[in-house]
Amino acid sequence: MINIDHLLDQMTLEEKIGQMTQLSLDTLHTGEPMKIQLPPQLAEKKLDYIVRERMVGSILNVTSEYLPELEEWHQIISRIQAKAQETRLKIPVLYGIDAIHGVNYCAGATLFPQPLSIAASFNLQQAEAIARVTAYEAQAASMPWNFSPALDVGRIPSWPRFWESFGEDVFVNQAMGTATVKGYQGEAGDYTKVAACLKHFTGYGLPLSGIDRTPAWIPDRYLREYFLPAYQTAIDAGAMTIMVNSGEINGIPVHASKYLLTDILRKEMGFEGLLVTDWQDIIYLHTRHKTAPTMKDAVRISIEAGIDMSMTPFDTQFIDFLLELVQEGSISEERIDESVRRILAVKAHLGLFEQAVNNPKDYPAFGSETHQQLSLDAARESLVLLKNEQNLLPLDKAANILVCGPAADNQGALNGGWTASWQGDMAEEALSQFDTILEAIKRLHEGTLEYRIGVNYSEEVDFQEAIWKAQEADYIVLCLGEESYTEYCGDLNDLYLPDHQINLALALVSTGKPIILVLAEGRPRLISKFADQIPAIVGAFYPGPAGGQAIAELIFGDLNPSGKLPFTYPQFPNSLIPYDHKFTEVEGVDDTIRFNPQFEFGHGLSYTQFEYSNLQLNKKSYTPEETIHVSIAIKNTGSKAGKETILLYVRDEYASITPPVKRLRKFKKLALESGAEQTIHFEIQPSELAFVGLDNQWILEAGRFELMIDGLSQYFIIE
Ligand code: BGC
């Protein structure tokens, strides 16, 4: 392997700063960034300037409105890497991409459920397998750096990136994040695959307004207990890179925070990898956050804070300003060396010095049936049956059905953003071979079926006709929700579903026909204006291209649902309270105004029944060093085979900081045949029950705790 210190010794300052710079692929194409001529053509002069002369160390992304095939990616990246070989030291370029649910910027790649759906499956083996396949397909496309997983912890349901997270719970984010990192990178120390990039460090998921990239106010104690743990476990699992949060916390833009990026991330948490900015975020210190009076100040502040690489992403002024800052002595060359060493280490670990371009032919399983099968299995496990009064579902395949609603017949509703394009607006075209919900229902259905959209995402279409057709149907499958979006493009003023969707639901309710509501959405859009009158509700939180098929299978009973909510589904806009709230949020003057969600965290029905019994702990009292052994029996008492996730919660009865009503501490998913029973064991270290105290240190206070699984509970003491 390459000797990094030796290489660093040979590098000029310009070469080093080039390595710290990341530009968008658009800058290498003919035309202006964001206005590239289509089909895109790499411009030799731009390659010469950016890769050979300025020696830019990393290129990212895809040209908007154009989805390259695998072979085209091979050509693009081969040309970029060939240009890097023309430089004095022949340092390969690190290509980075947002392959957040499969290699979503490459035609024909296998796309998977989005992270929120993966969380709903509570299936860690599957999450790891998905990441492994994604890494394989990313390697096929010579993309060794993946800006995923997002470990933002979605605590604000209106936030437009809620679905990019693994939901509201810290432990689920830790477990899913670690599984994903292992899948991308292999086990810690085995850096043969793709580099993961944890994002967006940290606190990005808690903008006070719910609007993307707006101020967060997060006390240190809360930051440490809720927003750092998922990063810590992923760092411990060997995550090679991290991206910074574009927002501000407590008045300091995170890109300017030496406290967060160096004191906490490097010194306390022990992160030794590469820290990249988010999109244009150094520029934003000057133009948006207004903490840097000039661009040059912005560069200095972010380097002093601790960033290693700037996603500039459209120009090279970062290089010029940083050069000036070092030449005039404001930034030391040692500081530059620290960052370059980390960048070169990632390139070396990924084996890019030996082989920067892979031959797609060496990856015959790219987009294969086996990979697609994994996507279908994952979609199946991700669906959450939220309501099923009088066992309305599953429907008879011969039933007379009306399908309607804006989500019924489009791929955007199943895939969300980062699908073929940033906003997912090319999904329909790119994924046309996959069934929408409507197409999949038609495929399985054997009776009379009518389709009237009723309303699309912005207005009424054949609203009245839909209502007439409803009168003739036995059942209505109403598909509501959100089309694709991400980042600020999905900002909201109102968490309720749009009025015209609510009106359609109410009008259909008034026909008296039983309605099966499918919610295809990236966050819990409120449905309380009509939910009580809907007997069956299915939650689909971007289950991916195979989601249509999985939903149809669930509706007709070919699939027994097993997903559970990885977030609290609120009922009212002024009551966006997570499951691990404080007691004061439940015990009030009027309980209906406090914690009173539509559906609770962990909720999810099955077509079979599971009975829990015999919850046992090995002791009644533990020292802080003793392991708590828990066992519980679970039986499938229904008539169908099914899967169930066991959720283990612990409540600290009294603590010096107001304790939450409960916290999820373990989970396990298992499959049980009808009539089968199994005993499951969990081990908990008392340290896992600690919290962050007033002095910002983790503490475990002695006292009584309650352990809860399903309706059962046991008390124990920590001495
Ligand atoms: C997003 C990141 C993403 C980056 C590169 C930014 O706008 O916030 O999540 O990785 O773009 O595409």
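**View 1. Helix H12 is mostly covered by the rest of this predicted model**. Helix H12 spans residues 295-305, and 9 of its 11 residues are buried. You can pick them out one by one: Met295, Lys296, Asp297, Ala298, Val299, Ile301, Ser302, Ile303 and Ala305. What do the buried residues of H12 pack against? Their neighbours are four helices: H10 (258-268), H11 (281-287), H13 (317-327) and H14 (333-349). Just after H12 comes Gly306, and the phi of Gly306 is positive, near 130°.

**View 2. Strand S7 pairs with strands S6 and S8**. Have a look at residues 195-201, which make up strand S7: 7 of its 7 residues are buried. S7 pairs with strand S6 (residues 145-146) in the parallel sense, over 2 bridges. To find this pairing, start at Trp145, whose bridge partner in S7 is Ala195. S7 also pairs with strand S8 (residues 241-244), again in the parallel sense, here over 3 bridges. For this pairing, look for Phe201, which stands opposite Val244 in S8. Here is a handy rule to keep in mind as you trace a strand: in a regular strand, side chains alternate between the two faces of the sheet.

**View 3. The ligand sits among 14 residues**. Which of the residues around the ligand come nearest? They are Asp98, Arg161, His200, Arg213 and Asp278. Sorted by class, the shell around the ligand holds 6 nonpolar, 2 polar and 6 charged residues. Now zoom in on the oxygen atoms of the ligand. One oxygen atom lies 2.5 Å from an N or O atom in the side chain of Asp98. For the side chain of Asp278, the distance from a ligand oxygen to an N or O atom is 2.6 Å. For the side chain of Lys199, the matching distance is 3.0 Å. On its own, the ligand has 310 Å² of accessible area, and the protein covers 96% of that area.

**View 4. Lys564 is a buried lysine in a loop**. The loop that holds Lys564 runs between helix H21 (547-556) and strand S19 (610-617). Why does Lys564 count as buried? Its relative accessibility is 9%, and buried means under 20%. A polar atom of the Lys564 side chain lies 3.2 Å from the backbone oxygen of Thr645. Leaving aside residues up to four places away in sequence, Lys564 touches Ala120, Phe122, Val384, Gly602, His603, Gly604, Glu644, Thr645 and Leu647.

Technical notes: Residues are numbered from 1 along each chain as its sequence is written. This is a predicted model: local features need pLDDT of at least 70, side-chain atom pairs count only at pLDDT 80 or more; totals for chains, interfaces and linings use all residues. Side-chain values use heavy atoms; hydrogens and water are left out. A residue is near a molecule or strand if one of its heavy atoms lies within 4 Å of it. A polar contact is a pair of N or O atoms within 3.5 Å; within protein, one must be able to donate a hydrogen and the other to accept it, and residues adjacent in sequence count only if both atoms are side-chain atoms. Accessible areas come from the Shrake-Rupley method with a 1.4 Å probe; for residues, only the protein chains shown count as cover. Ala, Val, Leu, Ile, Met, Phe, Trp, Tyr, Cys and Pro count as nonpolar, Asp, Glu, Lys and Arg as charged, and the others, Gly among them, as polar. Buried means under 20% relative accessible area, exposed over 50%, partly exposed in between (1.4 Å probe, protein chains only). Contact means heavy atoms within 4.5 Å. Two strands pair if DSSP finds at least two bridges between them.
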